[in-house]
Amino acid sequence: MSLFSERKNQYQCPDKLCYQKNIPVISKPVKKAKLQIVPPFSIQSLRRKNVIVEPFKPNERMITKPYPVGETLFRKCYERGDFPIIMVFDPSLGQKIAWKVNIKEIDYQYYLPVFFTGLCEIEYPYNFYAQQGIEDLLYFGGRTKVLPSVPQLILPIKNALNTRNRAVIGQTLKIIQAMLTCVGGIGMALVPYYRQILPPLNMYREMNANTGQDIDYGQQKRENIGELVQETLELLEKHGGDDAFINIKYIIPTYESIFLH
């Protein structure tokens, strides 16, 4: 055998050499292309081999299951007797609270945040005292008393909206509407805090009562969460100034401005 023939055998295909010597050929495994999971409505979703993830849909149990609320600061102060209030009965209005001191002379930066922590209360009489006390403080306080305490009210409002209790959320939305209508300038003061108080409303915005041809008797008591959320967003945009709609749209993309129609 010549030197040239030996060199020729060295450069033969390995599969052919195995065939000549009756050696089984082991085929290399073919690498399968990994499926890439991409978000919907993106550029990557246009490719054929990509897997598109379905949009997130909140489970009904996630929305309706309320969080347990522990003992609030309002309840502790009420049981210690720190509030100068008593319950009286009015023949025309029913039960209401009366203040033992002049309501315009109390410290709003202390009492108003404590009363707002009572928004999470469900049991009577704690929820009644908290609701009536907040309404009286907002009505008699005015702009000079309420505006300095706005930063301290954000955390109690956020905690009340995150309880996932419909009664608590509805009452909190009504209090926010009362703040916007009673106190001037508070709408613009709430704009920097939209990212703390508005995300929970994104789940309840479409929670409307579909009764068909029946009558919804809860409209008179304003118990529909979806309508309360829409009314609150409209009031926030109306009283929040020029930057209100941009900040609301950033957190709730489906919201439409009331000034564009």
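A residue counts as buried when its relative accessible area is under 20%. By that criterion, 37% of the 261 residues of the protein chain are buried in this predicted model. The secondary structure of the chain consists of 14 helices and 4 strands. Among contacts with a sequence separation of 6 or more, 63% join residues 24 or more positions apart. The chain exposes about 17,700 Å², and carbon and sulfur atoms supply 55% of that area.

Two residues illustrate the two sides of this division. T232 lies in helix 13, which spans residues 225–239. Its relative accessibility is 1%, and T232 therefore counts as buried, the limit being under 20%. Leaving aside residues up to four places away in sequence, T232 touches L173, I176, Q177 and L180. With one of these neighbours, Q177, there is also a polar contact: the side chains of T232 and Q177 meet at 3.0 Å.

V53 presents another situation. This residue is found in the loop between strand 2 (51–52) and helix 3 (60–64). V53 counts as partly exposed because its relative accessibility is 39%, a value that falls between the limits of 20% and 50%. V53 also belongs to a nonpolar patch on the surface, together with L35, I37 and V51. The accessible area of these four residues together is about 370 Å².

Notes. Residues are numbered from 1 along each chain as its sequence is written. This is a predicted model: local features need pLDDT of at least 70, side-chain atom pairs count only at pLDDT 80 or more; totals for chains, interfaces and linings use all residues. Side-chain values use heavy atoms; hydrogens and water are left out. Helices (H or I, at least four residues) and strands (E, at least two) are DSSP runs, numbered from the N terminus. Buried means under 20% relative accessible area, exposed over 50%, partly exposed in between (1.4 Å probe, protein chains only). A polar contact is a pair of N or O atoms within 3.5 Å; within protein, one must be able to donate a hydrogen and the other to accept it, and residues adjacent in sequence count only if both atoms are side-chain atoms. Contact means heavy atoms within 4.5 Å. Patches are made of residues with over 30% relative accessible area and no salt bridge: like charges are joined within 9 Å, nonpolar side chains (Val, Leu, Ile, Met, Phe, Trp, Tyr) within 5 Å. Accessible areas come from the Shrake-Rupley method with a 1.4 Å probe; for residues, only the protein chains shown count as cover. A salt bridge is a side-chain nitrogen of Lys or Arg within 4 Å of a carboxyl oxygen of Asp or Glu.
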